[in-house]
Amino acid sequence: YRFFGEPVVEACVENGASCIDISGEPQFLEGMYLKYNEKAAEKGVYVVGSCGFDSIPADMGVLYTRDKLKGTLTAVESFLSVKSGPEGLGVHDGTWKSAVYGLADEDNLKKLRKQIGYAPVPVVGTKIKKRGFLFYSPEFKEYCITFMGSDGSVVKRTQRYLHTELQQTPVQYGAYVTVGGLGSVIKLMFLGMLFLLLVKFNFGRKLLTKYPKFFSAGCFTKEGPTQKQMDGTSFTMTFFGEGYSEGQDPQKGKPNVKICTEVKGPEPGYIATPIAMVQAGLALLEDTASLPKRGGVYSPGAAFSKTKLIDRLNKRGVEFSVISKPEV
């Protein structure tokens, strides 16, 4: 999207067509907001980014958790687990390239956000604890790391919109991914440090993009996953939410209610992503009365919070469910 995405957005806005994408690149997503939000609003069209595995499960999962809590949800942590079969995991190197160029250009993302001038999102309730980059989760009995994708920034954009435009209580959010036992951690740390070192230099970036299979221990390839790999892979995203029961003031005292929800589905990149994308497109076409009143560039949760998108996804195999009911 960084190299080829903008002409599509521009053409859609100029010609009065709504569009969705499956980008997981915050710089592209937020750059499109800066450049085309007002034009899209004037034309009455909706440009909705990250309508794939990045970031429909995370963004809609937070809204689902909020709606299932009787009271006020103030904080959520999500944990992504991807399970693969005997053939292992396979991802196309396009995703790898997005990560390479995204990390290399991190400073420009900060400048872009300054340019946009986001209003700060107020913290309601107890401030969510910031975890270290690597930690052990007793719930999953696995080590976890911070999720490096766009989910965190997409959810924050949604919560900012819902707070400023619809006066809803903003939800704090932390995104993590399970990585397994100590052996997996050592392998990941070695590959991660090598990646971070090489990504700083032009020569290093060329190496990373030329030999993705070598530098990702066989996970990212120029061919992408085989059918057997896709058939054997699935994902689960677990949400731990906390908040305040009905009648409790979220500005006073500690959270007194918890909830656990889950979004699960088939292989994320090539099966769950097209399901999410198509259902987001149908929500744009068929749930028009439930979309935001004016056009613009939106995150999925901002565009689809009042639509039937979650019902649509549930019927197509990306399933949202409550794991443990809210307990005071």
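**Reading a helix pair and a small sheet**

Guide: Helix 4 (residues 93-104) packs with helix 8 (residues 202-210) at an angle of about 165°, and their axes lie 10 Å apart. That makes helix 4 roughly antiparallel to helix 8, because angles over 145 degrees count as roughly antiparallel. This is a predicted model.

Visitor: How are two packed helices described?

Guide: Two values serve: the angle between the axes and the distance between the axes. Here these are about 165° and 10 Å.

Visitor: Is the crossing of helix 4 and helix 8 left-handed or right-handed?

Guide: Helix 4 passes helix 8 in a right-handed crossing.

Visitor: Which residues meet in this pair?

Guide: Helix 4 brings D93, W96, K97, V100, Y101 and A104. From helix 8 come R205, L208 and T209. By class, five residues of this contact are nonpolar, one is polar and three are charged.

Visitor: Now the sheet. What is the strand order, and is the pairing parallel or antiparallel?

Guide: The sheet is open and has three strands in the order 1-2-11. Its pairing is parallel. Strand 1 (19-20) and strand 11 (296-298) are the edges, each pairing on one side only.

Visitor: How many bridges join strand 2 to strand 11?

Guide: Three bridges link strand 2 (residues 46-48) with strand 11. In one pair of bridge partners, V47 is matched with V297 of strand 11.

Visitor: Which helix packs on the sheet?

Guide: Helix 2 (residues 26-43) does, touching strand 2 and strand 11. The direction of helix 2 makes about 135° with that of strand 11.

How values were computed. Residues are numbered from 1 along each chain as its sequence is written. This is a predicted model: local features need pLDDT of at least 70, side-chain atom pairs count only at pLDDT 80 or more; totals for chains, interfaces and linings use all residues. Side-chain values use heavy atoms; hydrogens and water are left out. Axes are lines fitted to C-alpha atoms, for helices over the stretch in contact, and angles run from 0 to 180 degrees between N-to-C directions. Helices (H or I, at least four residues) and strands (E, at least two) are DSSP runs, numbered from the N terminus. Angles under 35 degrees count as roughly parallel, over 145 as roughly antiparallel, 65 to 115 as roughly perpendicular and the rest as oblique. A crossing is left-handed if the near helix is turned anticlockwise from the far one by less than a right angle, and right-handed if clockwise. Contact means heavy atoms within 4.5 Å. Ala, Val, Leu, Ile, Met, Phe, Trp, Tyr, Cys and Pro count as nonpolar, Asp, Glu, Lys and Arg as charged, and the others, Gly among them, as polar. Two strands pair if DSSP finds at least two bridges between them.
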